[in-house]
Amino acid sequence: MMKLRAVRFGFSALALAALVFVLPATAADKIDPVADAKAFKKFFYDKFPKLKPEDFVNGPYSMDEGLHRQWVEKEQFPPYEFAVEAGKEMFTKPFKNGKTYEDCFPNKGIGIRQNYPYFDEKQGKVVTLELALNQCREGNGEAPYSYVRDEMASLTAYMAFTSRGKPFDIKIPNDPRALAAYEQGKEYFYTRRGQLNFSCATCHVQSPGERVRTEVLAPALGIMNAMPIYRSEWSGMGTTSRRFVTCNSQVRGVPFNPQDDEYRNVEYYLSYVANGLPISGPGARP
Amino acid sequence: MASTIRVRATNNGDITEVQALIQHPMDSGFVKDSKGEIIPAHFIQQLTFEYDGKPVFLADWGGGVSKDPYVKFAFKGGKKGDELKVSWVDNKGATDSTTAKIG
Amino acid sequence: MKAKLVLLALLSAGPAFAASEADYKAAYAAAEAANKEAGQLRNQWTTTASTLAAAKKAADAGDFDKATEAAKEAEALAKASIFQATSEKTLWRDMEIR
Amino acid sequence: MSKTELGFSRRVILQGAGAVALVGLGSTTFGWPAFAAANDKYPEEAFKQKSGADAIKSLYGKTAEASDKIKLDAPEIAENGAVVPVSVTTTLSDVSSISFLVAENPIVLVASYRIPAGTVPSVANRIKMAKTSKVTVLVEAGGKLYSADKEVKVTVGGCGG
């Protein structure tokens, strides 16, 4: 009798173990942004224990003392002042139909950057700040701006400036398309590409704080918070789109068109996992 | 057109600290554009700061000064509310000037 | 994984005999097709495009040896980018922060 | 070159030697050109010179002597050659002019400042550097010319594209 019970007991234990084993396996395929974000932040907080969470939004300047001093000097009178002022001027200059960007955005576009990108359930896709600005222009009969040139850079610089200090507040609605976009963004972030065979993570997860020649790599956590960035390298304000496109070419991967799905989704992923960290854009960068 | 000169002048009793950021390409004449042609030299040559009719600082610049140039200096004297006259001229003869209130 | 990529990228067997224009055209077409497939997989390399251009330039100058060799190299690069795209479909999870 | 002058900081020892070389060069000249620094005119000639010594001769008409009373602040590794923050303060008295030179730039003289009486002898600015180079600051005080310099590393960033 004893043996039978033992067998039965053994059997149920086995079944239980199998179940438990099965659960995490399916859990891994289940898209869980909340868990991802927690793990993502933990990885960087453990990797850089001396940094406070908000330090991550200053990218390379929180990684290297020499760079930090040069940044502090620049911030006294930052070169992006002109872009912010140009953006402010453009923001309130009426379109031909008399409307302005203020009519397209909640709260007249002031202090809302931290909510972008968002998942637009009507369009069924992720809408970034840059896309929303061009959709506003086209909706008012104006030609869209290039995503990589000064006009878009100035507008986003001004909108980011009005959100400085506000924590990222990216939402993923309970809509399978939103979850899919988020997951595709995550996959893009970790996928190796180009002849150099790097993914975004190769530089920004495996080796933040280290140098690529003279440039110190920024951690992925908080990397969107400073956008758009005034890079000394470009001696001008650069949009998020420009950053993605140039990063692709640097690893010898052919870039997509700015604001293609992959770019909007990876921005969605990177912004979401940085929820809670303050907006620091427009940021000055090397 | 808004002035190309941004000035911050603050007085703390006996010294007035001045910072200026100027919108200018400061092309050195040694850089090629994407089509491989040399971008001609175009940079601010002289920048002057005057307080109470007297020069308090004069900069002679070459093409090696950064784009959207920045400079910081200080001079003894100056009072809150007084004006500081700032003006520049570049190698093409273009000029701009502004007056800033000492804060 | 990396070694395989490097091997494929260097797969440019020099022709033992003088390549004709037909050899070049065949090699170029193969390279272009492979690069097109890489495009469908959203994973072309900039070096594939530049090597294709070099092949075309050599062909225009009548140097079909060089042109064919470059076209073959372009094909190898395109194939490597295809290999990268397909293998990364699963490998990306290895680096994911969990 | 006394011990104290080299004691400014371990790193400066190498550049200290550089300053000595600078001193030796400037002395042999034919006629003395009008020292541009003495009047308000833009020192056109000085901004054409390809070497530090010629720029100094054209600008000041005298040679510089290293001094540890000049504190030149420049990064060890420039975050980017397009915007290198460089500043100087000095305890030397009645300073009349401050200039910055970058040895490896195509035009060595980058900026020259006239310091009228009553203006604090201290300047901060952002300069461009073509590549890794010695950055030299010159301070004219009491009619004599002093210098300090520092090596600043500059290379391209990014992984090469």
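1. Let's begin with chain C. Reading along its sequence, you meet the pattern α-α-α-α. That fits the element count, which is four helices and zero strands. Please keep in mind as you read on that this is a predicted model. Of the 98 residues in chain C, 37% are buried. Look also at which parts of the chain meet: among contacts between residues at least 6 apart in sequence, 78% join residues at least 24 apart.

2. Now pick out two of the helices in chain C. Helix α2 (residues 21–40) and helix α3 (residues 46–60) of chain C pack with their axes 11 Å apart, at an angle of about 160°. An angle over 145 degrees counts as roughly antiparallel, and α2(C) and α3(C) are therefore roughly antiparallel to each other. Their crossing is left-handed. On the α2(C) side, the contact is made by C:Y24, C:Y28, C:A31, C:E32 and C:N35, and on the α3(C) side by C:T48, C:L52, C:A55 and C:A59. Sorted by class, the residues of this contact are six nonpolar, two polar and one charged.

3. Chain A brings in strands as well: it has 10 helices and seven strands. Chain A has 286 residues, and 47% of them are buried. Among its contacts with a separation of 6 or more, 73% are between residues 24 or more positions apart.

4. Chain A also offers a helix pair to look at. Helix α5 (residues 129–139) and helix α6 (residues 150–161) of chain A have axes 10 Å apart and pack at an angle of about 115°. That angle makes α5(A) roughly perpendicular to α6(A). The crossing of this pair is right-handed. From α5(A), the residues in the contact are A:L129, A:E130 and A:L133, while α6(A) contributes A:M152, A:L155, A:T156 and A:M159. Five of the contact residues are nonpolar, one is polar and one is charged.

5. Next, see how chain A meets chain D. This contact takes 19 residues from chain A and 15 residues from chain D. On the chain A side, α3 (65–76) and α9 (240–250) each supply at least two residues. Helix α3(A) gives the most, with six residues. The chain A side divides into five nonpolar, seven polar and seven charged residues.

6. Chain D also touches chain B, with 27 residues of chain D in contact with 27 residues of chain B. The elements of chain D that give two or more residues to this side are β5 (109–114) and β6 (122–127). By class, the chain D side has 17 nonpolar, six polar and four charged residues.

7. Which strands form the open sheet, and in what order? Nine strands form it, in the order β7(B)-β6(B)-β3(B)-β4(B)-β5(D)-β4(D)-β7(D)-β8(D)-β1(D), and the pairing is mixed. At the edges stand β7 (95–101) of chain B and β1 (65–66) of chain D, each with a single partner strand, so one side of each is left without a neighbour in the sheet.

8. You can find the place where the two chains join within the sheet. Strand β4 (residues 54–61) of chain B runs antiparallel to β5(D), and four bridges join them. Here B:A59 stands opposite D:Y113. Moving further into chain D, five bridges join β4(D) to β5(D), again in the antiparallel sense.

9. D:S99 is a handy residue for tracing the sheet. In β5(D), D:S99 stands opposite D:S112, and in β7(D) it stands opposite D:L138. Strand β4 (residues 95–102) of chain D, which runs antiparallel to β7(D), is joined to β7(D) by seven bridges.

10. Finally, is strand β7 (residues 133–141) of chain D largely enclosed or open? Eight of its nine residues are buried, so β7(D) is largely enclosed by the rest of the structure. Strand β7(D) also pairs with β8 (residues 144–152) of chain D, in the antiparallel sense over nine bridges. One of the pairs to look for is D:V139 with its bridge partner D:Y146 in β8(D). The two strands form a hairpin with two residues between them, and D:G142 in the turn has a positive phi of about 55°.

Terms used. Residues are numbered from 1 along each chain as its sequence is written. Chains are lettered from A and ligands numbered from 1 in the order in which they are written. This is a predicted model: local features need pLDDT of at least 70, side-chain atom pairs count only at pLDDT 80 or more; totals for chains, interfaces and linings use all residues. A residue is buried if 20 or more other C-beta atoms lie within 10 Å of its own, exposed if 12 or fewer, and partly exposed in between; C-beta atoms are placed from the backbone. Two strands pair if DSSP finds at least two bridges between them. Two residues are in contact if their C-beta atoms, placed from the backbone, lie within 7 Å. Ala, Val, Leu, Ile, Met, Phe, Trp, Tyr, Cys and Pro count as nonpolar, Asp, Glu, Lys and Arg as charged, and the others, Gly among them, as polar. Axes are lines fitted to C-alpha atoms, for helices over the stretch in contact, and angles run from 0 to 180 degrees between N-to-C directions. Angles under 35 degrees count as roughly parallel, over 145 as roughly antiparallel, 65 to 115 as roughly perpendicular and the rest as oblique. A crossing is left-handed if the near helix is turned anticlockwise from the far one by less than a right angle, and right-handed if clockwise.
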